[in-house]
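Please walk me through the fold shown below, beginning with the overall architecture and then turning to the charged side chains and their surroundings.

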Amino acid sequence: IMVLVAPLVYNDLSAHYEHETVTVHEGDTVFSLIAEREYSGDIRESVYRTREENGLEGNQYLQPGDEIVLVIRKE
């Protein structure tokens with residue numbers, strides 16, 4: 001099992017994350033805001049980390065004027 005898990009753990013540990021504060025506009029979603037930026041890896045990881053960073057739950061919508069911190073994976 002360690003042979004299969006070790007590459008995944010190593011890959012995540014070598015990743016670099018950038019934080020960027022943005023103001024939400026009409027129609028923005030966490031996914032769309034991250035997709036507009038250059039990121040590496042699976043975008044869902046950055047979406048998950050951004051939601052965690054900002055305390056966003058399940059179906060919680062962003063409101064225009066909100067400021068959120070995006071967590072974007074870079075390599």
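How many aromatic pairs does the structure hold? In this predicted model, the count of aromatic pairs is 0. An aromatic ring does nevertheless take part in another kind of arrangement, since R49 lies over the face of Y17, at 4.1 Å from the ring centre.

Before following that arginine further, it helps to set out the architecture. The secondary structure of the chain amounts to 3 helices and 2 strands, and these elements follow one another along the sequence in the pattern α-β-α-α-β. The chain has 75 residues, of which 29% count as buried. Among the contacts in the chain with a separation of 6 or more, 71% are made by residues 24 or more positions apart.

The charged side chains can be taken next, and here the count comes to 6 salt bridges. One of them joins the side chains of E20 and R37, with N and O at 3.1 Å. This pair links distant parts of the chain, E20 being in strand β1 (residues 16–23) and R37 in the loop between α2 (30–35) and α3, 17 residues apart. As for its surroundings, E20 is partly exposed, because its relative accessible area is 31%.

A further group of charges involves helix α3, which spans residues 43–54. R49, the residue that lies over the face of Y17, also forms a salt bridge with E45, in which the closest N and O atoms are 3.6 Å apart. The two residues are 4 residues apart in helix α3, so about one helical turn separates R49 and E45. With a relative accessibility of 32%, R49 counts as partly exposed.

E45 has a salt bridge with R73 as well, and there the closest N and O atoms are 2.9 Å apart. This second pair links distant parts of the chain, with E45 in helix α3 and R73 in strand β2 (residues 67–74), 28 residues apart. R73 counts as buried, because its relative accessibility is 5%. Taken together, E45, R49, R73 and E75 are linked in a network of salt bridges.

R73 also appears in the surroundings of S46, another residue that lies in helix α3. When neighbours within four places in sequence are left aside, S46 is in contact with I34, V71, I72 and R73. The relative accessibility of S46 is 0%, and therefore S46 counts as buried.

Which side chain of opposite charge is nearest to R51, and how far away is it? R51, which is found in helix α3, is buried yet has no salt bridge, and the nearest side chain of opposite charge, that of E52, is 7.5 Å away. A salt bridge requires a side-chain nitrogen within 4 Å of a carboxyl oxygen, so a separation such as this one does not qualify. What the side chain of R51 does reach is the backbone oxygen of E57, at 2.8 Å. Not counting residues up to four places away in sequence, R51 touches V30, L56, E57, G58, N59 and Q60. The buried arginines R51 and R73 can thus be read side by side: R51 has no salt bridge, whereas R73 has one with E45.

Key:
Residues are numbered from 1 along each chain as its sequence is written. This is a predicted model: local features need pLDDT of at least 70, side-chain atom pairs count only at pLDDT 80 or more; totals for chains, interfaces and linings use all residues. Side-chain values use heavy atoms; hydrogens and water are left out. Buried means under 20% relative accessible area, exposed over 50%, partly exposed in between (1.4 Å probe, protein chains only). Lys and Arg count as positive and Asp and Glu as negative; His and the chain ends are not counted. A polar contact is a pair of N or O atoms within 3.5 Å; within protein, one must be able to donate a hydrogen and the other to accept it, and residues adjacent in sequence count only if both atoms are side-chain atoms. Contact means heavy atoms within 4.5 Å. Rings of Phe, Tyr and Trp (its six-membered ring) pair if their centres lie within 6.5 Å; planes under 30 degrees apart count as stacked, over 60 as edge-to-face and the rest as tilted. A charge sits over a ring if NZ of Lys or CZ of Arg is within 6 Å of the ring centre and within 35 degrees of the ring normal.
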